[in-house]
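Let's take a walk through this one together, starting with some aromatic rings and then moving on to a serine. Have the structure open so you can follow along.

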Amino acid sequence: MRLQPELIPVGDSKVQTAIENLLRIREQSDCLYTRSEVDTVVRRMAMDISRDLSDCNPVVLCVMYGALVFTGQLLPELDFPLEFSYLQVSRYRNETTGSELLWKMVPELSLTSRNILIIDALLDEGNTLSEFVAFCKQA
């Protein structure tokens, strides 16, 4: 049985409208890939990553918040020593076009002379990834 979320009055009509809009979008969405198909791809990616990084104790960096769910699926499939941290940036700031990168959280681990796997949710023009790579090289 599938439970339907109950809308809890919060006293703010904007919040209520946003929740209703999100529920409507979900109802109108199409499933592009089944959970099984996604799991298969995650396992295949983990095998490739393991082949390339299993002997070097890499630092795995999750880009918050977009990559959080995917990182949670991938990490259990990586059966080798690694260190984990995260970074948080904002380029879009609730807009549809990007601007200067705002660093909200940097990894606390030392990245010096380390192999680093950056897990992010989006790759559009590659500007943000380029800045991540530059940050990792100078850290």
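What follows looks at the aromatic pairs and then at the surroundings of one serine.

Keep in mind that this is a predicted model. Counting rings whose centres lie within 6.5 Å as pairs, you end up with 2 aromatic pairs. Take Trp103 and Phe132: their ring centres sit 5.9 Å apart, and their planes meet at 70°, so this pair is edge-to-face, given that planes over 60 degrees apart earn that label. The pair ties together distant parts of the chain, since Trp103 belongs to strand β3 (residues 102–105) while Phe132 belongs to helix α4 (residues 127–138), with the two positions 29 residues apart.

How buried or exposed are these two partners? Trp103 is partly exposed, because its relative accessible area of 28% falls between the 20% and 50% cut-offs. Phe132, on the other hand, is buried, with a relative accessible area of 0%. There's a third ring to add as well: Phe135 joins Trp103 and Phe132 in one aromatic cluster.

Now hop over to Ser90, which you'll find in strand β2 (residues 83–90). Ser90 counts as buried because its relative accessible area is 12%, and the cut-off for that is under 20%. Which residues does Ser90 touch, leaving aside its neighbours within four places in sequence? The answer is Glu100, Leu101, Leu102 and Lys104. Look at Lys104 in particular: Ser90 and Lys104 are 14 residues apart along the chain, and their C-alpha atoms are separated by 7.4 Å.

Conventions: Residues numbered from 1 in each chain as written. Predicted model: local features only at pLDDT ≥ 70, side-chain atom pairs only at ≥ 80, totals over all residues. Heavy atoms only, no water. Phe/Tyr/Trp six-rings, centres within 6.5 Å; stacked < 30°, edge-to-face > 60°. Helix = DSSP H or I, 4+ residues; strand = E, 2+ residues; numbered from the N terminus. Buried < 20%, exposed > 50% of the residue type's maximum accessible area, 1.4 Å probe, protein only. Contact = heavy atoms within 4.5 Å.
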